Amino acid sequence: MDYAREELLACTLARLVGDAAHVAVGAASPIPATACFLLRAQHGRPRVSLLARRHGNPFSEGSREIFDLAGQGRIDVFFLGGAQIDGEANINLVEAEGRRFPGSFGSAFMYFTAHRTILFREEHSPRVLVPKVDFVSAPGSSAPGVWRRGGPQALLTGMALFSWQAEKKRFRLESVHPGVTADEVRAATGFDYDAAATVGVTPAPTAQEIALLRGPVAAEIAANYPEFARKVWGLAA
């Protein structure tokens with residue numbers, strides 16, 4: 001491959017974000033941030049609220065202001081991951097395999113109030129993609145009568161892309177990344193899901209996307225995620 005795995009994932013996320021007007025990105029999310037800056041380099045949008053921004057952060061109170069915007073319906077897309085993700089799109093950020101994690105923080109609130117949530121986790125293994133999470137930090141769906149503006153749109157991992165079928169409350173395998181087979185994805189996934197008889201391959205980054213990623217996008221990412229920029233592009237802040 002003439003591109004890094006991180007570049008493939010960022011391009012795939014950018015296509016999922018699409019024409020969203022306002023995207024919020026959490027503090028430890030360099031690949032989602034890269035996807036958003038790629039879209040900005042291509043189209044001049046979306047507005048990106050980046051909690052990890054070291055310079056020019058418009059928020060004086062950090063995540064509190066993100067929550068206010070989400071509650072008002074002004075966050076189109078958010079990204080969530082977890083120590084565990086199950087086949088009902090529930091996420092666990094509390095405890096798994098005897099290990100404690102920082103906690104749910106605002107994940108449940110954002111899952112309910114952002115218009116769309118893209119689930120993202122690079123590791124694709126049965127210990128992460130489980131039949132049922134040990135603890136529900138944020139639910140993928142809600143009971144009838146429970147107000148909810150949004151929910152999951154898709155799940156992207158280091159091996160594959162799944163879409164979310166809201167009516168069935170179930171994932172569908174849409175594509176496998178180059179060099180990965182559908183059988184390998186099935187073996188590495190702890191929950192059941194739907195799939196076509198023939199599963200396509202995730203589109204590789206285009207030459208234009210690579211040029212933007214390694215130019216203006218990398219420079220912007222280096223200012224906020226210096227270790228990531230050094231790892232992927234060898235670029236210092």
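**Exercise 1. The contact of α6 with α7**

Find which residues of α6 meet which residues of α7 in this predicted model, and describe how the two helices pack.

*Solution.* Start with the residue pairs. On the α6 side, look for Leu213, Arg214, Ala218, Ile221, Ala222 and Asn224. Their partners in α7 are Pro226, Phe228, Ala229 and Trp233. Next, sort these residues by class: eight are nonpolar, one is polar and one is charged. Finally, turn to the geometry. The axes of α6 and helix α7 (residues 226-233) are 6 Å apart, and the packing angle is about 145°.

**Exercise 2. The crossing of α1 and α2**

Work out at what angle the axes of α1 and α2 cross, and which residues of the two helices meet.

*Solution.* Begin with the axes. Helix α1 covers residues 5-17 and helix α2 covers residues 30-43; their axes come within 8 Å and cross at roughly 60°. That angle makes α1 oblique to α2. Now add the hand of the crossing, which is right-handed.

Then list the residues. From α1 come Glu6, Leu9, Ala10, Cys11, Leu13, Ala14 and Val17. From α2 come Ile31, Pro32, Thr34, Ala35, Leu38 and Leu39. Sorted by class, this contact has eleven nonpolar residues, one polar and one charged.

**Exercise 3. From Thr12 to Thr202**

Decide whether Thr12 is buried or exposed, then find what Thr202 touches.

*Solution.* Take Thr12 to begin with. This residue lies in helix α1, and its relative accessibility of 4% counts as buried, because the cut-off for buried is under 20%. Beyond its sequence neighbours up to four places away, Thr12 touches Leu156, Leu161 and Thr202. For a distance check, go to Ala35: its C-alpha atom is 7.9 Å from that of Thr12, with the two positions 23 residues apart along the chain.

Now follow the contact to Thr202. Here you are in the loop between β13 (194-201) and α6 (207-224). Thr202 is buried too, at a relative accessible area of 3%. With residues up to four places away set aside, Thr202 touches Leu8, Thr12, Ser175, Val176, His177 and Pro178. Look again at His177 in that list: its side chain makes a polar contact of 2.8 Å with the side chain of Thr202.

**Exercise 4. Ala20 and a cis peptide bond**

Locate Ala20, list its contacts, and find which peptide bond is cis, with omega near 10°.

*Solution.* Ala20 is found in the loop between α1 and β1 (22-25). With a relative accessible area of 4%, Ala20 is buried. Leaving out neighbours within four places in sequence, its contacts are Arg45, Pro46, Asp76, Val77 and Arg116. Ile75 gives a useful distance: its C-alpha atom is separated from that of Ala20 by 8.9 Å, and the two residues are 55 apart along the chain.

Two of the contacts of Ala20, Arg45 and Pro46, lead to the last part. The peptide bond from Arg45 to Pro46 is the cis one. Pro46 itself is in the loop between α2 and β2 (47-50).

**Exercise 5. Two positive phi angles**

For Glu97 and Lys169, find the phi angle and say how accessible each residue is.

*Solution.* Keep the usual case in mind: most residues other than glycine have a negative phi. Glu97 is not a glycine, yet its phi is positive at about 55°. Glu97 lies in the loop between β6 (95-96) and β7 (99-100) and is exposed, with a relative accessible area of 58%.

Lys169 also is not a glycine and has a positive phi, of about 50°. Its place is the loop between β11 (160-165) and β12 (170-176). At 43% relative accessibility, Lys169 counts as partly exposed.

**Exercise 6. Val25 and Phe37**

Decide whether Val25 and Phe37 are buried or exposed, and find what surrounds Val25.

*Solution.* Val25, in strand β1, is buried at a relative accessible area of 1%. Setting aside residues up to four places away, Val25 touches Pro32, Ala33, Cys36, Val48, Ser49, Leu50, Leu51, Phe79 and Tyr225. By contrast, go to Asp183: it is 158 residues from Val25 in sequence and 32 Å away, C-alpha to C-alpha.

Phe37, in helix α2, is buried with a relative accessible area of 2%. Its C-alpha atom is 5.9 Å from that of Val217, although the two are 180 residues apart along the chain.

Note on methods:
Residues numbered from 1 in each chain as written. Predicted model: local features only at pLDDT ≥ 70, side-chain atom pairs only at ≥ 80, totals over all residues. Heavy atoms only, no water. Axes fitted to C-alpha atoms, helices over the stretch in contact; angles between N-to-C directions. Parallel < 35°, antiparallel > 145°, perpendicular 65-115°, else oblique. Left-handed = near helix turned anticlockwise from the far one by under 90°. Contact = heavy atoms within 4.5 Å. Nonpolar A, V, L, I, M, F, W, Y, C, P; charged D, E, K, R; others polar. Buried < 20%, exposed > 50% of the residue type's maximum accessible area, 1.4 Å probe, protein only. Polar contact = N/O pair within 3.5 Å; in protein donor to acceptor, adjacent residues only side chain to side chain.
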